[in-house]
Every structure is written in structure tokens, then in C-alpha cells.
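Reader: I'd like to learn how to read a fold from its model, one feature at a time. Could you walk me through this one?

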Amino acid sequence: MKKMSLRTRVLTGTVAAAALGAGTFGAVSANASAPAAAPAAAVKADTANRNLQQSTHLTVDAASKAAQAALDAAEKEHQKVAVSVVDRNGNTIVTLRGDGAGPQAYESAVKKAYTAVSWNAPTSELAERLDQTPNLKDIPGTLFLAGGAPVQVKGAPVAGVGVAGAPSGDLDEKFAQAGAAALAK
């Protein structure tokens, strides 16, 4: 290999550095001067698209109406209960704890409402299924005791009403049904 003079080496290094700098500057300049990417256009839902599904959800006002109707039905019979209304996905929309309701009533009402909407059936019916399938009770967040009522639109669940705190599940479920019925009015 041929030995380069100091002058040639400095000149070669300077040219290389200048080329590298120009390339970097060009890339930065091109990047800075490029127009911003246009925001993604909103995807318009086509109801004929088999990958999409429309669903019905209960409003907060409707959930409050159902919860208050259930609480009112319980108070008429001098029962101290908690009432919960959950949406179709089991998320709590509203929970009312009546005056004097026990500390366990709040959580039990939520779980009964969740169980009713999850299986689209009153929890009294679901409690009977435990004889054949006792491990159902092990599903987190569920409570297989009477007192939960599903709310349906065209046979599909849109919400669940759960009541807990009365001396019997039959009463709890009667009040939950009163809450669900208030939505039909």
C-alpha cells in the first residue's frame, strides 16, 4: 500500500467530513421541510361490514331511573337494600345504597347485576345451575344468588340490575325486576 502525505491525508479527511456533514444536513433539511403527514382520515363505520357490530347501551339517566325504581320498591316494603346497574359489559353505571343497608349489600348488588347481564338471565335461575355446574361460582365478580335481573333489547342483554340486602333473594329479585321494568316505561 502506498503511503500518503500528510497534506493528502488532511485533504482526504476534510473531504470525507464535508461529505458526511452534507449528507446529514441534507437528511435533516429534507426531514424538516417535508410536509407533515396528513392526519389519518376518520374511518366511517359501514353497518353492512360484517366486522363491525352496532350495540345498544344504557344511558346514565336510564340507569339512575332503574336504580331509583328498585330502591323505591324496596322502601315501600320497608327493606334496606343497595341497588346496582351495570352496562352490557358489566361495568357499573350507578349504585345506590339505601339508608340502613348492610355493608355487604353494596358489593353483592354489583355482583348480582354483573352476573345477570353476563348470562342474560335472572340470578335466581342461574343459582339453580350450580347443582349441575358448581364451579360456576368460582368465576370472578359473579354471585349466584337471587337478586339480579337482566335488561334486554330484542333479546340481547344491555344491562343488569342487582339488589342485595333484603332478608331473602326472592325479595331482592322482585326489587331488581321493578328496576328493570322501569326502563320499559
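Author: Gladly! Let's begin with a cut-off that we will need: a residue counts as buried under 20% relative accessible area, as exposed over 50%, and as partly exposed in between. Keep in mind that this is a predicted model.

Reader: Which elements does the protein have, and in what order do they run from the N terminus?

Author: There are five helices and four strands, and from the N terminus on they follow the order α-α-β-β-α-α-β-β-α. Of the 185 residues, 32% are buried. Among contacts with a separation of 6 or more, 62% join residues 24 or more positions apart.

Reader: How should I read the two faces of a strand, and what covers β1 here: are its faces buried or exposed?

Author: The general idea first: side chains in a regular strand alternate between the two faces of the sheet. In β1, A82, S84 and V86 sit on one side, V83, V85 and D87 on the other, and all of these are buried. That fits the count for the strand, with six of its six residues buried.

Reader: Which strands pair with β1?

Author: β1 pairs in the antiparallel sense with β2 (residues 92–97) over five bridges, and with β4, also antiparallel, over six bridges. V83 is a handy marker: L96 stands opposite in β2, and V163 stands opposite in β4. The hairpin of β1 and β2 has four residues between the strands, and G90 there takes a positive phi near 85°.

Reader: What makes up the largest nonpolar core?

Author: That core has 23 residues, and those with the most contacts inside it are V81, V83, V85, V161, V163 and F175. Two or more residues come from each of α2, β1, β3, β4 and α5 (169–182), with α2 giving the most, eight residues. Another core lies apart from it, with five residues, among them A82, A105, A109 and A164. To see the packing around one residue, take V85: its contacts beyond four places in sequence include L58, A63, A66, I93, V94 and V161.

Reader: What about phi values outside glycine; where are the positive ones worth a look?

Author: Most residues other than glycine have a negative phi, so a positive one deserves a second glance. H78 has a positive phi of about 60° and lies in the loop between α2 (60–76) and β1 (82–87). K154, with phi near 55°, is in the loop between β3 (148–153) and β4 (156–164). H78 is exposed at 71% relative accessible area, and K154 is exposed at 86%.

Reader: How many salt bridges are there, and which parts do they tie together?

Author: Side chains of opposite charge can pair when their charged atoms come close. The count here is four salt bridges. One of them joins K174 and E77 at 2.5 Å, N to O; because K174 is in helix α5 and E77 in the loop between α2 and β1, the pair ties together parts 97 residues apart in sequence. K174 is partly exposed at 45%, and E77 is partly exposed at 31%.

Reader: Is K112, which pairs with D172, buried or exposed?

Author: K112 is buried, with a relative accessible area of 4%, and D172 is buried with 4% as well. Their closest N and O atoms are 3.0 Å apart. K112 lies in helix α3 and D172 in helix α5, so this pair ties together parts 60 residues apart in sequence.

Notes
Residues numbered from 1 in each chain as written. Predicted model: local features only at pLDDT ≥ 70, side-chain atom pairs only at ≥ 80, totals over all residues. Heavy atoms only, no water. Buried < 20%, exposed > 50% of the residue type's maximum accessible area, 1.4 Å probe, protein only. Contact = heavy atoms within 4.5 Å. Core = buried A, V, L, I, M, F, W, Y, C linked by side-chain atoms within 4.5 Å. Pairing = 2+ DSSP bridges. Salt bridge = Lys/Arg side-chain N within 4 Å of Asp/Glu carboxyl O.
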